[in-house]
Amino acid sequence: MSIQNYAIHGEAFYLSKVFSSDFQYSIPDYQRPYSWGEEHINQLFDDLYEFYQRKTDESYFLGSIVVIKKDHQSQADVVDGQQRLTSLTILIAALTHYFSDEDKSEGKEILQQPAKKSQNLAAQPRLTLRQRDKEFFRKYIQELRFDELNNLNIDNDCKNDAQKNIVKNAKAILNRIQDKFHNDGVAIFDFFSFLIQKCCLVIVSTPNQKSAFRIFSVMNNRGLDLLPTDILKADLIGKIQDNQDEYTQKWEDLEQELGRNRFNELFAHIRMIELKKKARGSILEELQELVLPKISSISNFIDNELSSYASAFGALKNNSYQVEKNGTEIKQYITWLNRVGFSEWLPVAILFLHQKPNDEELVEFLKYLETLTSYLHLSAKDVNKRIERYGLILDDLQKNPKQCTKNLLLTNEEKRSFRGLLDGNIYNEMTAARRNYLILRLDAMISDGAANYQDKDELLTIEHILPQTLGEKSQWGQWSDGEHKLWLHRLANLIPLNKRRNSSASNWGFKDKKDKYFTGNKNVSSYALTSQVLTEDEWTVEIIQKRQTALLERLYKGWELTE
């Protein structure tokens with residue numbers, strides 16, 4: 001196939017061609033280490049052996065790989081397929097280990113390109129692993145030193161998990177060959193012949209990194225093994241003149257500390273910190289084209305900015321930021337920031353922590369950030385409005401580090417709008433996620449942050465005290481239709497419960513609701529808002545009005561909504 005826009009070529013090749021002078025495979029350092037375990041390589045062998053025994057004329061399809069390769073050149077950087085190529089190399093080497101001396105040369109030529117002066121070909125392995133593992137792999141696998149490999153102490157002689165996997169898989173394949181062929185050299189060579197003549201791979205090639213990554217993204221429908229950060233790693237560390245291994249290790253340590261997916265997410269936040277606007281293309285493209293060119297020293301970026309951003313991001317996501325004073329208050333603000341349904345606030349918080357504020361500066365900043373974020377969340381501002389606002393704050397912070405500027409604070413108009421929203425029909429004007437957030441946030445303010453809500457979300461329901469339907473003979477008969485409509489969905493008439501919704505309880509009288517439904521297992525509610533209601537003997541217009549005023553005053557005070 002050929003798609004002109006991307007210059008993509010795909011063709012099926014038998015392994016005799018896959019491992020030939022037409023292809024010189026390299027595993028880029030941005031790729032993940034070799035990770036196949038014994039179960040994977042054993043399954044590969046068993047599938048091949050089962051097909052081999054059929055003695056059919058059909059070919060065996062081993063899947064596809066994606067490489068970056070220019071026409072008429074042998075160099076091929078492997079974007080997808082390194083696990084199969086590495087495992088097939090181990091298998092071929094193990095088979096060759098059992099060949100007679102006169103046959104060994106055929107196996108060796110599959111594993112390593114022999115020098116050919118007439119064709120200007122240097123002697124080199126067909127497959128070169130990542131920098132950390134290539135010499136280990138060449139020595140023990142491609143040079144057939146299996147006797148030495150069998151004597152290796154995995155814990156002491158292998159420097160990383162990839163090398164351990166190479167040793168374990170090689171031993172597993174050697175055992176499989178022994179078990180199936182019992183040192184029968186002729187049979188082993190026949191299996192090798194089947195492998196290189198009947199087994200094929202589709203090699204999809206494209207001449208540039210960007211299109212290769214797009215191809216891989218489409219082909220791998222089980223989720224990307226390769227992430228944008230892997231490409232960025234190659235771009236950045238490849239530009240470091242000295243100490244590449246040192247900075248590769250630092251990069252991978254940060255990735256391991258945060259977790260692979262979270263580390264990838266961090267770069268989306270770094271993009272926002274630098275560009276302060278909504279992404280127009282892919283995150284990878286914007287980082288490569290608009291952010292990375294601004295970095296004058298890659299080593300300084302990794303040592304200072306990336307390490308600091310990663311530490312801040314991890315502390316925010318795990319709520320583990322270490323301070324000497326105001327620790328409880330800081331943790332509370334971070335907790336509520338993490339509970340909103342979007343992440344656009346994170347670049348702002350990451351940049352502020354990167355600026356190394358003292359405890360008092362951090363408390364003040366998080367207080368205003370949490371207020372603004374709650375306003376944007378509860379008033380359902382769209383992503384464009386959120387990005388625009390946080391972008392202004394990022395710009396302020398870069399001009400005036402560690403300062404709470406006007407864009408962080410709510411305007412008087414926004415305060416009025418927020419107060420109107422909070423005093424409105426909360427239950428039917430907000431989505432469930434937003435009203436749950438508001439009720440729990442208010443509950444936390446009332447309890448002075450003493451409550452823990454982590455284990456309660458799954459069963460959380462927001463219940464009406466005054467029921468949604470008033471029967472003619474109901475105990476709620478003293479309420480007029482106008483009063484009922486006015487107060488039904490407002491803050492004072494709503495309480496949080498941790499139990500399944502009981503539709504039959506909705507029209508119970510106030511005393512029955514209190515005694516049988518609003519209390520917990522020990523007749524005590526775990527929510528401050530609910531406990532307040534339990535102290536009331538009746539539920540009247542006067543009581544609900546007083547409660548509404550008190551609750552709103554607490555929210556206005558907590559979020560500083562008065563002008």
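A salt bridge is taken here as a side-chain nitrogen of Lys or Arg within 4 Å of a carboxyl oxygen of Asp or Glu. The structure analysed is a predicted model, and under this criterion the count comes to 23 salt bridges.

One of these pairs links Arg490 with Asp423, whose closest N and O atoms are 2.7 Å apart. Arg490 lies in the loop between α23 (481-487) and β11 (494-498), and Asp423 lies in the loop between α20 (412-422) and α21 (426-429), so the contact ties together parts that are 67 residues apart in sequence. With a relative accessible area of 11%, Arg490 is buried, whereas Asp423, at 29%, is partly exposed. Salt bridges that share partners also join Arg130, Arg132, Lys233 and Glu252 into one network.

A further salt bridge is formed by Arg386 and Glu344, with 3.0 Å between the closest N and O atoms. Arg386 belongs to helix α19, while Glu344 is placed in the loop between α16 (327-339) and α17 (346-354); the pair therefore ties together parts that are 42 residues apart in sequence. Both Arg386 and Glu344 are buried.

A pair within a single helix is provided by Glu135 and Arg138, whose side chains meet in a salt bridge with an N to O distance of 2.6 Å. Both residues lie in helix α5 (residues 134-142), and because they are three residues apart, about one helical turn separates them. Glu135 is partly exposed, with a relative accessible area of 44%, and Arg138 is likewise partly exposed, with a value of 25%. Side chains of opposite charge can pair when their charged atoms come close.

Charged residues also appear in a surface patch. Lys277, Lys278, Arg280 and Lys294 form a positive patch on the surface. Within this group, Arg280 is located in the loop between α13 (260-275) and α14 (283-291). Its relative accessible area of 71% classes Arg280 as exposed. Membership of such a patch requires over 30% relative accessible area and no salt bridge, and the 71% of Arg280 therefore meets the accessibility requirement.

The cysteines were examined next. A search of the whole structure finds zero disulfides, a disulfide being a pair of cysteine sulfur atoms within 2.5 Å. For Cys199, the closest cysteine sulfur is that of Cys200, at a distance of 7.6 Å, which is too far for a bond. Cys199 is buried, its relative accessible area being 0%. Cys158 is also buried, with a relative accessible area of 5%.

Two buried residues illustrate spatial contacts between positions separated along the chain. Leu372, in helix α18 (residues 359-378), counts as buried at 0% relative accessibility. Its C-alpha atom is separated by 6.8 Å from that of Leu409, although Leu372 and Leu409 are 37 residues apart along the chain. Ala76 is found in strand β5 (residues 75-80) and is buried, with a relative accessible area of 0%. Between Ala76 and Pro207 the C-alpha to C-alpha distance is 9.3 Å, with 131 residues separating the two in sequence.

Backbone geometry was considered at two loop positions. Lys55 has a phi near 55°, a positive value in a residue other than glycine. This residue is placed in the loop between α2 (38-53) and β4 (60-68), and Lys55 is exposed, with a relative accessible area of 55%. Ala380 has a positive phi of about 60° although it is not a glycine. Its place is in the loop between α18 and α19 (383-399). At 42% relative accessibility, Ala380 counts as partly exposed.

Methods. Residues are numbered from 1 along each chain as its sequence is written. This is a predicted model: local features need pLDDT of at least 70, side-chain atom pairs count only at pLDDT 80 or more; totals for chains, interfaces and linings use all residues. Side-chain values use heavy atoms; hydrogens and water are left out. Patches are made of residues with over 30% relative accessible area and no salt bridge: like charges are joined within 9 Å, nonpolar side chains (Val, Leu, Ile, Met, Phe, Trp, Tyr) within 5 Å. Accessible areas come from the Shrake-Rupley method with a 1.4 Å probe; for residues, only the protein chains shown count as cover. Lys and Arg count as positive and Asp and Glu as negative; His and the chain ends are not counted. The place of a charge is taken as NZ of Lys, CZ of Arg, CG of Asp or CD of Glu. Helices (H or I, at least four residues) and strands (E, at least two) are DSSP runs, numbered from the N terminus. Buried means under 20% relative accessible area, exposed over 50%, partly exposed in between (1.4 Å probe, protein chains only).
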